[in-house]
Amino acid sequence: MAAPSPEAYYLGFDFSTQQLKVIAIDEQLRVIHENHVNFDKELPEFGTHGGVHIHKDRLTVTSPVLMWIKALDMVLEKMKSSGFNFSRVKALSGAGQQHGSVYWNDGASLVLQNLPPDVPLHQALKSCFSINDSPIWMDSSTSAQCCALEAAVGDAQKLAEITGSRAYERFTGNQIAKIYSQSPEVYAQTERISLVSSFAASLFLGAYARIDYSDGSGMNLLHIREKVWSPVCLDACAPGLEKKLGHPVPCSKILGSVSPYYVKRYGFNPSCKVIAFTGDNPASLAGMRLGEGDVAISLGTSDTLFLWIREPKPALDGHILCNPVEMNAYMALLCFKNGSLMREKIRDEVASGSWEEFSKLLTSTPAGNNGNIGFYYDVMEIIPEAVGIHRFDSQNDSVPSFAKEVEVRALIEGQFMVKRLHAEKLGYKILPTTKILATGGASYNKEILQILSDVFSAPVYTIDTANSACLGSAYRAIHGLVAETNASLADVVKSAPGPRLAAKQASGVAQVYQPLLKRYMALEQQVLDEARNPTAASSE
């Protein structure tokens with residue numbers, strides 16, 4: 001009698017801003033291995049801070065492509081050293097920080113197809129890029145290109161209706177337009193343009209990987225309903241762009257088998273499949289197994305809120321993306337730059353750098369903060385487009401400072417009220433079945449999660465791992481193998497550990513937050529008006 005075949009493993013990678021992470025799961029969906037490489041600490045030769053280079057103009061932000069590649073070399077070597085059995089990996093997928101782009105130069109595809117297994121990737125590929133420093137999501141240097149793109153299609157709302165978003169400076173189409181405008185010879189030498197996600201998939205495939213619909217929705221280039229590149233958007237950005245991008249593919253697409261490089265160097269099974277990689281936010285939606293009516297909130301470097309929706313209502317704020325796990329659905333996405341770094345800054349200022357002290361201050365004040373409201377933007381915010389710290393007392397009068405405990409609650413309540421208000425603008429409705437799924441660093445703080453539950457009038461759950469993009473990528477690897485049979489991701493991962501209840505709405509707080517939300521919305525408009533017209537505000 002033949003011996004039973006060994007249990008299969010599935011890998012999920014996450015090429016995020018500050019580190020490269022990997023998770024392996026088994027057929028029971030148990031996490032059996034986790035590993036990571038921190039860019040700043042483990043790759044100091046690239047000189048990054050927080051995984052990025054902020055240029056002298058303070059607007060241009062890039063990351064070295066070879067740093068990402070060397071991190072992949074390192075994480076795979078770490079796994080090999082730990083005894084991880086790559087031959088049992090049946091499929092892999094991954095995620096990349098959204099909007100970032102990679103520029104392969106002429107002839108790079110031949111190098112990719114013929115990687116020598118005795119040479120690390122970062123050495124084999126060192127001459128393959130027409131641009132060595134990739135523009136990433138933190139970049140805000142493309143204002144002129146954004147204006148030109150919106151003008152080309154009619155206006156900002158029309159662009160949102162086609163691509164799911166108005167023109168954003170970090171979105172890939174505008175970054176490509178800037179490169180074409182400033183360095184047409186570099187653009188001409190570029191054979192293929194990848195997103196960070198499809199670039200990472202290309203490394204495993206040994207060939208250019210297609211961009212998936214969901215991450216492709218973050219470029220201001222994809223027609224989100226027809227799921228093809230929009231000709232008017234392509235033409236507005238750069239000539240010959242469609243050929244350089246390749247055709248987009250469904251998120252569950254099997255791209256092919258892993259490159260022989262990985263078979264020979266690490267012992268991968270030659271039949272291991274590479275499933276289309278996607279963006280980190282769509283992958284997190286998969287990792288948290290978001291259902292209709294649910295909200296997922298990632299509390300990280302930037303805070304991100306995403307919801308599953310059937311009928312998109314594109315607006316000037318927020319984004320509509322193709323859903324990464326169901327072809328005919330969409331996800332709405334709201335990004336807020338001032339996330340954990342802002343929380344940490346206030347913690348350092350008023351709580352001596354201690355989260356324990358921060359939480360004590362938070363619980364010493366009542367829900368609604370006695371009517372005090374604050375807006376905290378250390379860097380220029382995305383929603384709303386404002387910067388600085390703005391404090392208002394219960395009479396809506398601007399005040400210069402708050403007591404420590406008031407400051408802490410104003411920060412956290414404000415961060416969650418803005419998320420609820422802008423979700424509702426995109427058509428989101430809180431249902432009796434709604435769950436809030438929290439992930440990211442701050443999801444470990446119960447006091448913060450209690451306020452999240454109170455503001456949204458819904459229970460908050462957390463999942464076992466804060467690395468939801470990694471986990472979602474591993475789930476998507478499994479789903480990709482069976483997606484053509486019409487099996488849903490929910491069917492495939494139904495035996496995964498369920499989310500844990502972390503907070504339930506306190507009684508009576510809905511009556512506190514309803515009027516506070518209305519005041520917050522009016523004050524946000526006031527802050528926005530002042531940001532747009534500072535001279536009028538100062539003369540009042």
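Start by selecting Leu321, which sits in strand β17 (residues 319-322). Keep in mind as you go that this is a predicted model. Leu321 has 1% relative accessibility, so it counts as buried. What is Leu321 in contact with, once you leave aside its neighbours within four places in sequence? Show Gln98, Ser214, Ser217, Gly218, Pro282, Tyr330, Met331 and Leu333, and you have the set. Now pick out Gly218 from that group: Gly218 and Leu321 are 103 residues apart in sequence, yet their C-alpha atoms are 7.0 Å apart in space.

Next, select helix α2, residues 65-81. Try a distance between the C-alpha atoms at its two ends: they are 25 Å apart. That agrees with the 24 Å you should get from 17 residues at 1.5 Å a residue. Colour the buried residues of α2 and you'll light up Val65, Met67, Trp68, Ile69, Ala71, Leu72, Asp73, Val75, Leu76 and Met79. Step just past the helix to Gly83, where phi is positive, at about 90°.

Stay with α2 and add helix α9, residues 196-205. The two axes come within 12 Å and cross at roughly 45°, so the helices are oblique to each other. The crossing is right-handed. Which residues meet there? On the α2 side, show Val65, Trp68, Ile69 and Leu72; on the α9 side, show Val196, Phe199, Leu203 and Phe204. Colour this contact by residue type and you get eight nonpolar residues, with no polar and no charged ones.

Now for some backbone spots in loops. Go to Lys227, in the loop between β10 (222-223) and β11 (228-229). Its phi is near 60°, a positive value in a residue other than glycine. Is Lys227 buried or exposed? With 13% relative accessibility, Lys227 counts as buried.

Hop over to Asn370, in the loop between α16 (355-363) and β19. Asn370 isn't a glycine either, but has a positive phi of about 55°. Asn370 counts as exposed, because its relative accessibility is 58%.

For the last stop, follow the chain to Pro384, in the loop between β19 (373-377) and β20 (388-392). Show Ile383 as well and look at the peptide bond that joins them: it is cis, with omega at about -5°.

Key
Residues are numbered from 1 along each chain as its sequence is written. This is a predicted model: local features need pLDDT of at least 70, side-chain atom pairs count only at pLDDT 80 or more; totals for chains, interfaces and linings use all residues. Side-chain values use heavy atoms; hydrogens and water are left out. Helices (H or I, at least four residues) and strands (E, at least two) are DSSP runs, numbered from the N terminus. The expected span of a helix is 1.5 Å times one less than its number of residues. Buried means under 20% relative accessible area, exposed over 50%, partly exposed in between (1.4 Å probe, protein chains only). Axes are lines fitted to C-alpha atoms, for helices over the stretch in contact, and angles run from 0 to 180 degrees between N-to-C directions. Angles under 35 degrees count as roughly parallel, over 145 as roughly antiparallel, 65 to 115 as roughly perpendicular and the rest as oblique. A crossing is left-handed if the near helix is turned anticlockwise from the far one by less than a right angle, and right-handed if clockwise. Contact means heavy atoms within 4.5 Å. Ala, Val, Leu, Ile, Met, Phe, Trp, Tyr, Cys and Pro count as nonpolar, Asp, Glu, Lys and Arg as charged, and the others, Gly among them, as polar.
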